[in-house]
Amino acid sequence: MTAYLDHAATTPMRPEAVEAMLPFLTERFGNPSGSHAVAREARKALDEAREIVADCLGARPGEVVFTGGGTEADNLAIVGRHAVRPGPVVCSAVEHHGVLHACQSLPEARVAPVRPDGVVDLDALAGLLDPSVSVVSVMLANNEVGTIEPLAEVAEVVRTAAPDAVLHTDAVQAFSWLDVADLTSAVDLVAVSAHKFGGPKGVGALVVRDSVAIEPIIHGGGQERDRRSGTYNVAGIVGMAAAMKAAVSTRADTVARVAALRDRLADGLLATVPDTSETGDRATKVAGNCHVTIEGVESEALLVLLDGAGVYAAAGSACTSGAVEPSHVLTAMAVPAARAMGALRLSLGATTIDADVDLALEVVPASVERLRSAEGR
Ligand code: PLP
């Protein structure tokens, strides 16, 4: 028995995606940029995939730029827009490193604090904005603790305080759980990544509204209307479209089912593991996220025991130059470092079942107990 509870890291491929991709990995191998029949067949598949992706993201087909994943989409949005209109870039303190480090690669990055529940502090954000700001980036859902950010309110703040800035959102962790098309209707640039919702790794998309100009960050043959060069990953793009369609058509049922599993898991851990706190507020988190901090336990040691017992989870702390440091997300949420060192993220997905939760509820308390008794606590 094993329980894969690391869907925020990556998800298993949906059968629909695998099936859609297979012909493009075998006999339909054409390069869509060519002009003969084999190329045209690939072009047709690419165009169809683009329509599906656009529809699922509430965009027009021409607004979809295919990328090599979420990190590239985030970089293209921030660095690519900054190149058109330089100026300070602003992001929240809990962004994925794909956003945070892209912002910090530019001459001036300003970081907006979050409240203890992980939601961006709108007043503080407003205080960082002025008419010179180029890009504002606030994610839709956080990868570590699952917090959903109030994008409509963020958009309003940006419109008022930095009317010439564009708003980017990293919707990579949101797509499985939230109606991204609806929630990003006031957003200029939207990044997604296929492997977080049952598609293949290494493919994603950036919605670039027609009114927004960006410079490419990858130069070459001029694909994607010169916004992203490079031969198309046709199989990947087709797989992403199939996974998106399947995710959207089952989303409401999945969210309801997984939220119930997550609640049972989180409640069970709080009841059986002494000195455990839940991170964030379940009412403003995506359904698949269960995040706790366990006092006096080191995440890395716990993960080793969980792995040995077949429970696959994550911590969120980063190993920098040999020393384990608390995650920047928990630090921004003012979780004390000692608590943050005992972070445990169990992320559920569309394929999670009761037996996964049962196993985690058996293995996590026993593993914590083992670590604590080894420490003489
Ligand atoms: N943004 C968020 C919120 C993520 O969780 C991830 C992946 O973990 C990424 C961006 C990066 O996406 P990719 O793995 O496709 O580069």
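Three nonpolar, three polar and two charged residues make up the lining of the largest cavity. Here Ala, Val, Leu, Ile, Met, Phe, Trp, Tyr, Cys and Pro count as nonpolar, Asp, Glu, Lys and Arg as charged, and the others, Gly among them, as polar. The model is a predicted one, where local features need pLDDT of at least 70 and side-chain atom pairs count only at pLDDT 80 or more, while totals for chains, interfaces and linings use all residues. Residues are numbered from 1 along each chain as its sequence is written, and side-chain values use heavy atoms, with hydrogens and water left out.

Back to that cavity. Its lining consists of Arg14, Ser176, Trp177, Ala247, Thr250, Arg251, Thr254 and Ala350, and its volume is about 50 Å³. The whole structure holds two cavities of 30 Å³ or more. On a 1 Å grid over the protein atoms alone, a cavity is a set of points where a 1.4 Å probe fits but cannot get out, whereas a pocket is an open set with protein on both sides within 12 Å along at least five of seven lines; a lining residue has an atom within 4 Å of a point. Points are joined across faces, edges and corners, and a volume is the space filled by probe spheres set on them.

Now for a pocket. The second largest one offers about 270 Å³ of space. It is lined by 25 residues, and His7, Thr11, Ser176, Lys196 and Gly349 are the closest to its centre. By class, that lining has 10 nonpolar, 13 polar and two charged residues.

Next comes the ligand. Around it sit 13 residues (each with a heavy atom within 4 Å), and Thr71, Asp170, Gln173, Ser193 and Lys196 come nearest. Oxygen atoms of the ligand lie 2.6 Å from an N or O atom in the Ser193 side chain and 2.6 Å from a polar side-chain atom of Lys196. Gly70 joins in with a backbone N or O atom, 2.7 Å from a ligand oxygen.

What about the cysteines? A search of the whole structure turns up zero disulfides, a disulfide being a pair of cysteine sulfur atoms within 2.5 Å. The sulfur of Cys91 has its closest cysteine sulfur in Cys103, but at 4.0 Å that is too far for a bond.

Notes: A polar contact is a pair of N or O atoms within 3.5 Å; within protein, one must be able to donate a hydrogen and the other to accept it, and residues adjacent in sequence count only if both atoms are side-chain atoms.
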